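Biologist: Hello! I am new to this one, so could you walk me through it a step at a time?

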Amino acid sequence: MAETINDMSSKINQNEKMQTEFISSLSHELRTPLTAISGWSETLLSGESLDPEETRRGIAIIQRESRRLTEMVTELLDFTRMEDGRMTLNVDMTDIRGEFEDTVYMYGSRLRQEGIQLRVLENDGEIPEIPCDPKRMRQVLLNILDNAAKHGGEGKRIDASIRLEGSFVVIRIRDYGPGIPDDELPLVKKKFFKGSSKARGSGIGLAVCDEIIEMHGGSLDLSNAPGGGTLVVVQLPVAVQ
């Protein structure tokens, strides 16, 4: 009994520590884009003489950091809905291949600006429409691609594929970065967990994605790919579970 109580106490303390670190990290994550937006807005409004290239650069930074803020707030709102049991899906028969290709194309243009190649592995096989929430699926795909760029960007390459395997549509996204330490792999989908990576992030994105995929009756798994990098595999059922 004493061991059980001590174990529970240890887990509670660990969870409280992770929540404290999460709040501190979130404050920093919000402050960084706000500082960039504020700084460049003041510069552009000051009337200071800037050449066209500097002006374009300032506007691009404001646009990028505004998008980053929007993504962070959306992620935080989804997390609170998940915690309260209020997260919902708007399921419809969806061309999942079309959603996948559109999302990869859209995000690929952003990655090219950072010198990262996003390659879609060809698949000529048919992929049927599946019951899912297309907006939520785009959210999951963008989060996984963003993680691949943040944590595996030094590899300068991301591979993505979609195919039908039995009664599941399987999406694979692989980066060529350093991978995830083996002792952190079981923890990466847990809320508030950030691990040893120095890359920006709130520590709740994967937890939200995992919940969304589970609500679809599917699974989201991460592993270290042979030869280096991280492999994320999303499985979605073709039929309603």
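Modeller: Happily, and let us begin with a threonine: the side chain of Thr-94 reaches the backbone oxygen of Asp-92 at 2.8 Å. This is a predicted model, where local features need pLDDT of at least 70 and side-chain atom pairs count only at pLDDT 80 or more, while totals for chains, interfaces and linings use all residues. Residues are numbered from 1 along each chain as its sequence is written, and side-chain values use heavy atoms, with hydrogens and water left out.

Biologist: Which backbone oxygen lies 3.3 Å from a polar atom of the side chain of Thr-94?

Modeller: Thr-94 belongs to strand E1 (residues 92-94); helices (H or I, at least four residues) and strands (E, at least two) are DSSP runs, numbered from the N terminus. A polar contact is a pair of N or O atoms within 3.5 Å; within protein, one must be able to donate a hydrogen and the other to accept it, and residues adjacent in sequence count only if both atoms are side-chain atoms. At 3.3 Å from the Thr-94 side chain sits the backbone oxygen of Cys-132.

Biologist: Is Thr-94 buried or exposed?

Modeller: Buried means under 20% relative accessible area, exposed over 50%, and partly exposed in between (1.4 Å probe, protein chains only). Thr-94 has 5% relative accessibility, so it counts as buried.

Biologist: What does the side chain of Asn-224 reach at 2.7 Å?

Modeller: Asn-224 is found in strand E6, and its 28% relative accessibility makes it partly exposed. Its side chain also makes a polar contact with the side chain of Asp-182 (3.4 Å), a residue 42 places away along the chain whose C-alpha atom is 8.3 Å from that of Asn-224. The partner at 2.7 Å is the backbone oxygen of Ile-180.

Biologist: What is the strand order of the open sheet?

Modeller: Two strands pair if DSSP finds at least two bridges between them. Strand E5 (residues 168-175) and E7, for instance, pair in the antiparallel sense over seven bridges, with Pro-237 in E7 as the bridge partner of Phe-168. The open sheet has five strands and mixed pairing, in the order E2-E4-E5-E7-E6.

Biologist: Why is one side of E2 and of E6 left without a neighbour in the sheet?

Modeller: Strand E2 (117-120) and E6 each have a single partner strand, so one side of each lacks a neighbour in the sheet. Both stand at the edges.

Biologist: How many of the eleven residues of helix H5 are buried?

Modeller: Among the buried ones are Gly-205, Val-208 and Ile-213. Their cover includes helix H2 (52-84), H4, E6 and strand E7 (230-237), where contact means heavy atoms within 4.5 Å. Helix H5 (residues 205-215) is largely enclosed by the rest of the structure, because its buried residues number eight of eleven.

Biologist: Which helix gives the largest share of the largest nonpolar core?

Modeller: A nonpolar core is a set of buried Ala, Val, Leu, Ile, Met, Phe, Trp, Tyr and Cys residues joined through side-chain atoms within 4.5 Å. The largest one has 41 residues, of which Ile-96, Ile-158, Ile-173 and Leu-220 touch the most other members. Seven residues of this core, its largest share, come from helix H4 (residues 134-152).
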